[in-house]
Amino acid sequence: MKKYILSILVVSGCIVACENKDNKEETKTISSTGSVALPYKADYTTEFTNDVSDSDLLVALNSYKYWETGDMNALRSTMGDSVTFLLSGGWKFNGATDSLMKIISTYRDSLSSVSINMITWLKNHSAKDSADWINVWYKEIDTYKTGKVDSAEYVDDNLMKNGKIIYTSSHRQVLK
């Protein structure tokens, strides 16, 4: 009888443990809630999962590769019909992507080469508004046709919608 009761307890414990494990896997979030009192409350949200499609990640990473190789038509294909770009120097663009492409194509034409070393990326799905973000960290070395070389590290936040980039906020740190 003791063996029977012990077997039931072990099986019950395994079922509960498996159920708890499954529940934990379903709720993988990055959250600010917990036992630590934080000095700030986030304006947007702190509830994120990594539930962003690999195809969205591919689109975002391809946009950097197309910039690096100077394939402006392919770069255009990674963006929605209208976009918002915020660059670290204060430059802002909000409008038709074709207008943005004219501006950045002129800039890209001033470069003889671009080299990007992708450091890392994160896929972040906002539980608050179901928004999908691809955040990337990279080093870029630009060589101008004049011979000048410029390098910086960047952190970009790319908002994805329907498989396209519709918003980018870029943060730049100049390297010496």
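Buried means under 20% relative accessible area, exposed means over 50%, and partly exposed lies in between. The exercises below concern a predicted model.

**Exercise 1. Classify D98 and describe its salt bridge partner.**

Step 1. The relative accessible area of D98 is 48%, so this residue is partly exposed.

Step 2. D98 forms a salt bridge with R76, and the closest N and O atoms are 2.8 Å apart.

Step 3. The two residues belong to distant parts of the chain: R76 sits in helix α3 (residues 72–77) and D98 in helix α4, 22 residues apart.

Step 4. R76 and D98 also belong to a network with D81, joined by salt bridges that share partners.

**Exercise 2. Find which of K65 and E68 is buried and which is partly exposed, and explain their spacing in helix α2.**

Step 1. For K65 the relative accessibility is 43%, hence the class partly exposed.

Step 2. E68 has a relative accessible area of 15%, which puts this residue in the buried class.

Step 3. The side chains of K65 and E68 meet in a salt bridge, with an N to O distance of 2.9 Å.

Step 4. Because K65 and E68 are three residues apart in helix α2, about one helical turn separates them.

**Exercise 3. Locate the salt bridge between R172 and D150 and classify both residues.**

Step 1. In this pair the closest N and O atoms are 2.7 Å apart.

Step 2. R172 lies in strand β7 and D150 in strand β6, so that the bridge links distant parts of the chain, 22 residues apart.

Step 3. With a relative accessible area of 33%, R172 is partly exposed.

Step 4. D150 has a value of 18%, and is therefore buried.

Step 5. The whole structure contains five salt bridges, this pair being one of them.

**Exercise 4. Give the strand order of the sheet and explain why β1 and β3 each have one side without a neighbour.**

Step 1. The sheet is open and has seven strands, in the order β1-β4-β5-β6-β7-β2-β3. The pairing is mixed.

Step 2. β1 (48–49) and β3 (92–96) stand at the edges. Each has a single partner strand, so one side of each lacks a neighbour in the sheet.

**Exercise 5. Describe two antiparallel pairings in the sheet, with one bridge partner for each.**

Step 1. Strands β5 (residues 132–144) and β6 (residues 149–161) run antiparallel and are joined by twelve bridges. N135 has D157 in β6 as its bridge partner.

Step 2. β2 and β3 also run antiparallel, with five bridges between them. Here T84 is paired with N94 in β3.

Step 3. A hairpin is formed by β2 and β3, with five residues between the strands. In its turn, G90 has a positive phi of about 100°.

**Exercise 6. State which strands helix α2 lies across, and how helix α4 packs on the sheet.**

Step 1. Helix α2 (residues 54–69) lies across β4 (111–126), β5, β6 and β7 (164–174), and makes about 165° with β4.

Step 2. Helix α4 (residues 97–109) touches β2 (79–86), β3, β4 and β5, and its direction is at about 60° to that of β2.

**Exercise 7. Summarise the confidence of the model and find where pLDDT stays under 50.**

Step 1. The chain has a mean pLDDT of 86, and 81% of its residues reach 70 or more.

Step 2. Over residues 1–29 pLDDT stays under 50. For this stretch the model has five contacts beyond four places in sequence.

Conventions. Residues are numbered from 1 along each chain as its sequence is written. This is a predicted model: local features need pLDDT of at least 70, side-chain atom pairs count only at pLDDT 80 or more; totals for chains, interfaces and linings use all residues. Side-chain values use heavy atoms; hydrogens and water are left out. Two strands pair if DSSP finds at least two bridges between them. Helices (H or I, at least four residues) and strands (E, at least two) are DSSP runs, numbered from the N terminus. Contact means heavy atoms within 4.5 Å. Axes are lines fitted to C-alpha atoms, for helices over the stretch in contact, and angles run from 0 to 180 degrees between N-to-C directions. pLDDT is the predictor's confidence in each residue, from 0 to 100. A salt bridge is a side-chain nitrogen of Lys or Arg within 4 Å of a carboxyl oxygen of Asp or Glu. Buried means under 20% relative accessible area, exposed over 50%, partly exposed in between (1.4 Å probe, protein chains only).
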